[in-house]
Structures are given as C-alpha cells and as structure tokens.
Amino acid sequence: MARFTPEELEAARDRVVPDVVAEGLHVLFCGINPGLMTAATGHHFARPGNRFWPVLHRSGFTPRLLKPSEQQELLSYGLGITNVVARPSARADELGAEEYREGGRLLAAKVARLRPRWLAVVGVTAYRAAFDDRKARVGPQSRTIRDTRVWVLPNPSGLNAHWTIQTMAEEFGRLRDAAGA
C-alpha cells in the first residue's frame, strides 16, 4: 500500500476515479463517493480498514481476496464498481443533498445504459439521499431502473460499527444468491 502525505491526499480531491464497468454485469456495486485514498490511488475502496474487498470475498463473489489494485479483475466475475457521487472527499458527510440527488440521476442513466442485472448501493443513507427514499432499508428494493433490480447493502467503511465483516458478508451473500453471480 502506497503511503501519501497529507498534501498528496488533499490534492487527490481534484482527481476523477474511473468506473470499473461493462455492459450486462451481474452486479454493479455503487459506493457513496471516492475517499481521498481511493482518489490518490485510482482504486476503489482503497482505504486500509475499508471492508469492501474482504466482504466481497467472504460472501463468495470472488474466489480469492482481491487487492484494490486488482479491481479490473472484477469484470471477469461479472461485477463492477461506480459511485453515487464522483467528487472525492475525506468523509461522505462533506457531500451536499443536491450532490446526492444529481448523483442519483446520473447513476440511473448509467444503469439504464449498462443494464446490469443488479445495482448494489453500499450505504443505505446514500441510497436514501440519492433516490429520495427515506424509508429504504438494507436489502432488495422495490425500485427498478429499467430491468435492473436494486439492492441496498451496508456501508463497508470501518466507521460503520453496526455491521461486522461476518454480518456484511451474509448480506452480500444474499445478493450473490439472488444475482446468480
């Protein structure tokens, strides 16, 4: 894992983190927005302590634990990654309500174009804000985007103490089973 100075991380706020996407994926995972470590490295969920990659493996989506730098390998498993909001920040609470709403509109257009079987938004708060669905809970949603079903997953950030790696892996596994991935 590369080490970055505080100045280098701050400069990462201006970077764009490319999506890992293709048409017709089994599951398109959608983070809230890139953190500064993700922006600095160009790899999704790159911050040490983020549990996305261990949970993805434990839930059976990947046959081995991938490193963030191996994110392109997800495509070979029918998986991809994007974000609700493209702008990097140190914390998700730096994002405004309009950024979430605009991100939701852009995400819906992206999903309509790419046609994954499932959109999996990691973070119920982000999903609620992006899609104006205050009652959403973790799990499958009634909303669809064209033929794409939507599932809300727990946020894998190490700051989310309500979910353990094991309980997150169980929820991710429920999606894996539903997606046939």
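Modeller: Two strands pair if DSSP finds at least two bridges between them. Keep that rule in mind as we look at this predicted model.

Colleague: Thanks! How do you know that strand 3 and strand 5 pair?

Modeller: Strand 3 (residues 118–122) and strand 5 (residues 148–153) are joined by 5 bridges. The rule asks for at least two, so the two strands count as paired, and they run parallel. For instance, Leu119 stands opposite Val150, and Ala120 has Trp151 as its bridge partner in strand 5.

Colleague: And what joins strand 1 to strand 3?

Modeller: Here there are 4 bridges, again with the strands running parallel. With at least two needed, strand 1 and strand 3 therefore pair as well. Phe29 is matched with Ala120 of strand 3.

Colleague: Which strands are the edge strands of the sheet?

Modeller: The open sheet has 5 strands in the order 2-1-3-5-4, with mixed pairing. Strand 2 (79–83) and strand 4 (139–145) each pair on one side only, and that makes them the edge strands.

Colleague: Why is strand 3 called largely enclosed?

Modeller: Buried means under 20% relative accessible area. In strand 3, 5 of the 5 residues are buried, so the rest of the structure largely encloses this strand. Trp118, Ala120 and Val122 are buried on one side, and Leu119 and Val121 on the other.

Colleague: Let's try a loop: why is Asn50 called buried?

Modeller: Asn50 sits between helix 2 (36–41) and helix 3 (52–58). Its relative accessibility is 19%, and the cut-off is under 20%, so Asn50 counts as buried.

Key:
Residues numbered from 1 in each chain as written. Predicted model: local features only at pLDDT ≥ 70, side-chain atom pairs only at ≥ 80, totals over all residues. Heavy atoms only, no water. Buried < 20%, exposed > 50% of the residue type's maximum accessible area, 1.4 Å probe, protein only.
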